[in-house]
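Welcome! Let's take a walk through this protein together, one region at a time.

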Amino acid sequence: MAEVLVYVDHVDGAVRKPTLELLTLARRIGEPVAVALGNGAGDTAATLAEHGAVKVLTDEAAEYAEYLVVPKVDALQAAHEAVSPAAVLVSSSAEGKEIAARLALRLGSGIITDAVDIEAGDEGPVATQSVFAASFTTKSRVSKGTPVITVKPNSAAVEAAPAAGAVEALSVTFSAHATGTKVTGRTPRESTGRPELTEAAIVVSGGRGVNGAENFAVIEALADSLGAAVGASRAAVDAGWYPHTNQVGQTGKSVSPQLYIASGISGAIQHRAGMQTSKTIVAVNKDAEAPIFDLVDYGIVGDLFDVVPQLTEEIKTRKG
């Protein structure tokens, strides 16, 4: 069976959930070979093996942390030359998509971004995408070179599938461009105790109907009762009620959770573009004609300040 390269997103050896989802998809089309780079790369092996990696290629050179993107592209190119894979899978983060695009250019290969599913095909992997603001679902494959595919978080379940996970050192020769952009400082993201928005299994979002920054406490309370991330519409962000880092939509972040709860959000096309691939969508809005109701699986016509607190209390009661 052909091997499939999986780029590992980790923090000092702690593997992030989207990478484990990539391993699930990689097993559908071949044998996963993980590529872990930077500080703690060797510490990822046990987790990766537990989730199906037959081999883990590692390199802990300082360049991956000291410089932007290009050293990682150099490493994936080296891994590609060593393995000759059937495909390269990368998570659809901002950095992941830049890495994938640069790699595809170097390899002379086609690229598919923001896939929501991957399956084996007679002529190579077939990727499913949600396109044109999620109005259409397409299936496509790369017809030239090694397919490079980025996959949205929450597109597959994390599945344990113990494999050998043999660790091998990856030999990387950095290109002249690798040191072109140096990282001069880092500021840790302030922790809220909630999941990362793009990776969360549940997202609770508020919009114009929240009517003020102080009222987002209602949205946050529901999110915390569910162990969810908090999102916001562009209207709420533009009004200064919630940080731009939490904006969901075409000009914000794209999410695809198992459950998306929209409160006080009308459902403008730019917001829908960022959340329409959610598995189950619930909306609370006092306007029965709001466009969001054309999209949802479950809709509640009512004042969010009545509905959401009751929902929060009910969840807390059921949790005991």
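**A pocket, a sheet and two cores**

The second largest pocket has a volume of about 390 Å³; like everything described here, that value comes from a predicted model. Which residues sit closest to the centre of this pocket? They are Arg-208, Gly-209, Gly-264, Ile-265 and Ser-266, out of the 22 residues that form the lining. Several elements give two or more residues to that lining: α7 (234-238), α8 (269-272), β15 (280-285) and α9 (304-319).

One of those elements, β15, leads us to a sheet. Here 5 strands form an open sheet, paired in parallel and ordered β13-β12-β14-β15-β16. In general, the strands of a sheet are held in pairs by backbone hydrogen bonds. At the edges you will find β13 (229-232) and β16 (298-301), each of which pairs on one side only. From one strand to the next, the twist averages 15°.

Let's look at one of these pairings. Strand β12 (residues 202-206) runs parallel to β13, and 4 bridges join the two. If you find Ser-205, you can trace its bridge to Gly-231 in β13. Packed on the sheet is helix α6 (residues 216-226), which touches β12, β13 and β14 (259-263). The direction of α6 makes about 170° with that of β12.

Which residues of α6 are buried? They are Phe-216, Ile-219, Leu-222, Ala-223 and Ser-225. An α-helix has 3.6 residues a turn, so residues three or four places apart point the same way. The buried residues of α6 pack against β12, β13 and β14, and also against the helices α7 and α9. Just after α6 comes Gly-227, with a positive phi of about 70°.

Now let's turn to another part of the chain. The largest nonpolar core has 27 residues, and those touching the most other members are Leu-48, Val-56, Leu-89, Ile-118, Ile-149 and Val-151. At least two residues of this core come from each of β1 (3-7), α1 (17-29), β4 (31-37), α2 (45-50), β6 (87-91), β7 (111-119) and β10 (148-151). The most generous of these is α1, which gives 6 residues.

Ile-118 is a good place to pause. Setting aside neighbours within four places in sequence, Ile-118 is in contact with Leu-25, Arg-28, Ile-29, Leu-89, Pro-125, Val-126, Ala-127, Ile-149 and Val-151. There is also a second, separate core of 24 residues, and its members include Tyr-64, Ala-78, Ile-99 and Leu-170.

Notes: Residues numbered from 1 in each chain as written. Predicted model: local features only at pLDDT ≥ 70, side-chain atom pairs only at ≥ 80, totals over all residues. Heavy atoms only, no water. Core = buried A, V, L, I, M, F, W, Y, C linked by side-chain atoms within 4.5 Å. Buried < 20%, exposed > 50% of the residue type's maximum accessible area, 1.4 Å probe, protein only. Contact = heavy atoms within 4.5 Å. Pairing = 2+ DSSP bridges. Axes fitted to C-alpha atoms, helices over the stretch in contact; angles between N-to-C directions. 1 Å grid on protein atoms, 1.4 Å probe; cavity = no way out; pocket = protein on both sides within 12 Å on 5 of 7 lines; lining within 4 Å. Points joined across faces, edges and corners; volume = space filled by probe spheres on them.
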